[in-house]
Amino acid sequence: MTAHEIDYTIYGEEMQYVEIELDPQEGVVAEAGSFMMMDEGIKMETIFGDGSQKDSGFLGKILGAGKRILTGESLFMTAFYNEIIGKRKISFASPYPGKIVPIDLRQFGGKFICQKDAFLCAAKGVSVGIEFSKKLGRGLFGGEGFIMQKLEGDGMAFVHAGGTMAKKELMAGETLKVDTGCIVGFDQTVNYDIEFVGGIKNTVFGGEGLFFATLQGPGTVYIQSLPFSRLAGRVLASAPRGGGKDKGEGSILGGLGDLLDGDNRF
């Protein structure tokens, strides 16, 4: 498997986008909805799966696309090709505030495991598949379920981390405990499991869930400070109830009423 060699630049701080430079005949694949802008001369094509096995036949394409359904993604991905002479640029944007993480799969032994919605785009030739959990406890309580995404090949891939991203290099036998929703991805050499929090007070009143994710080295781990589920939960908690206005809007006190009452929506 030989992926296309691409050059890239990441712009921005909180709301990042990645600009990829394509030589003639080079291509990139991306999740639907991540496209931002592109130069003239780039052709867009909707494909089954990731298109990494171009000559696998119709049945092979169907099976490859079917794997994406198991991860909650669309049957289709979008491929972009530079079809003219000269370099052309295309950009893909992060879906919510956070960081875009470049992953050189050659540095990870050709395989990187990530959460189901972390993948953003990759060089043409990178395979986007599924990784089944071999442990029942991890599948039932690990936050990501039995299935995670795996990126395989020898090219560049880009994943998205919500909020601020932390990169941890774990030594052999070193263990890191993480909130189950805060995992972005990890090296294939990392052992991923779950651990019960323990203690009646922690379990009933802790508010942090019943389980930790445990990541044991050796290998590299990427952690996000703001999982999308946490962000969405806070947005829903602050939304007006009953389809009406917020309790302070349009009242006699207006903003002063909010100051007196405080923010009790969380």
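Biologist: Let me start with one side chain: what does Lys167 count as, going by its relative accessibility?

Modeller: Partly exposed, at 48% relative accessibility. The cut-off for exposed is over 50% and buried means under 20%, so a residue at 48% falls in between. Keep in mind that this is a predicted model. Lys167 also has a charged partner: Glu169 forms a salt bridge with Lys167, and the closest N and O atoms are 3.8 Å apart.

Biologist: How many salt bridges does the structure hold?

Modeller: Seven. To read one, look for a Lys or Arg side-chain nitrogen within 4 Å of a carboxyl oxygen of Asp or Glu. Then ask where the two partners sit along the chain. Take Glu13 and Lys99, whose side chains meet at 3.7 Å, N to O. Glu13 is in the loop between strand 1 (7–11) and strand 2 (17–22), while Lys99 is in strand 8 (residues 98–104), so this pair ties together parts 86 residues apart in sequence.

Biologist: And how exposed are those two partners, Glu13 and Lys99?

Modeller: Glu13 is exposed, with a relative accessible area of 53%. Lys99 has 22% and is partly exposed.

Biologist: Which residue forms a salt bridge with Glu19?

Modeller: Lys89, with the closest N and O atoms 3.7 Å apart. Lys89 belongs to strand 7 (residues 88–93) and Glu19 to strand 2, so here the parts tied together are 70 residues apart in sequence. Check the accessibility too: Lys89 is partly exposed at 34%, whereas Glu19 is buried, with a relative accessible area of 16%. Salt bridges can also link up into a network, as Glu21, Asp23 and Lys87 do.

Biologist: Asp23 makes me curious about the surroundings. Which side chain reaches the backbone oxygen of Asp23?

Modeller: The side chain of Asn82, at 3.3 Å. Asn82 is in strand 6 (residues 76–82), and at 0% relative accessibility Asn82 counts as buried. With a buried polar side chain, look at what is around it. Leaving aside neighbours within four places in sequence, the contacts of Asn82 include Leu22, Asp23, Pro24, Lys87 and Arg88. Lys87 and Asp23 are the ones you just met in the salt-bridge network.

Biologist: Can we try another polar one? Is Gln224 buried or exposed?

Modeller: Buried, at 2% relative accessibility. Gln224 is found in strand 19 (residues 219–224). A polar atom of the Gln224 side chain lies 2.7 Å from the backbone nitrogen of Gly162. Beyond four places in sequence, Gln224 also touches residues such as Tyr96, Gln115, His160 and Cys182.

Biologist: On to the greasy parts. What do nonpolar side chains tend to do in soluble globular proteins?

Modeller: They tend to be buried together. In this model, look at the largest nonpolar core, which has 39 residues; Ile20, Phe92, Cys121 and Leu151 touch the most other members. Apart from that core lies another one, of 13 residues, with Leu170, Cys182, Val221 and Ile223 among them.

Biologist: Which residues does Ile20 touch?

Modeller: Not counting residues up to four places away in sequence, they include Tyr8, Val28, Phe92, Cys121 and Phe158. Leu151 is another one to click on. Leu151 sits in strand 12 (residues 147–152) and is buried at 0% relative accessibility. Among the residues Leu151 touches are Leu105, Phe112, Phe119 and Val159. Phe119 is 32 residues from Leu151 in sequence, yet their C-alpha atoms are 8.6 Å apart in space.

Biologist: Where would I find nonpolar side chains on the surface, and which residues make the patch?

Modeller: Phe35, Met36, Met37, Met38 and Met44 make a nonpolar surface patch of about 450 Å². Strand 4 (residues 35–38) gives the most to it, with four residues. Met38, one of the strand 4 residues, is partly exposed with a relative accessible area of 32%.

Biologist: Zooming out, how many helices and strands does the chain come to?

Modeller: Five helices and 19 strands. Of the 266 residues in the chain, 42% are buried. The accessible surface comes to about 14100 Å², and 57% of that belongs to carbon and sulfur atoms. For how far contacts reach along the chain, take those with a separation of 6 or more: residues 24 or more positions apart account for 77% of them.

Definitions and conventions: Residues numbered from 1 in each chain as written. Predicted model: local features only at pLDDT ≥ 70, side-chain atom pairs only at ≥ 80, totals over all residues. Heavy atoms only, no water. Helix = DSSP H or I, 4+ residues; strand = E, 2+ residues; numbered from the N terminus. Buried < 20%, exposed > 50% of the residue type's maximum accessible area, 1.4 Å probe, protein only. Polar contact = N/O pair within 3.5 Å; in protein donor to acceptor, adjacent residues only side chain to side chain. Contact = heavy atoms within 4.5 Å. Patch = residues over 30% accessible without salt bridge, like charges linked within 9 Å, V, L, I, M, F, W, Y side chains within 5 Å. Areas by Shrake-Rupley, 256 points an atom, 1.4 Å probe, with all protein chains shown as cover. Core = buried A, V, L, I, M, F, W, Y, C linked by side-chain atoms within 4.5 Å.
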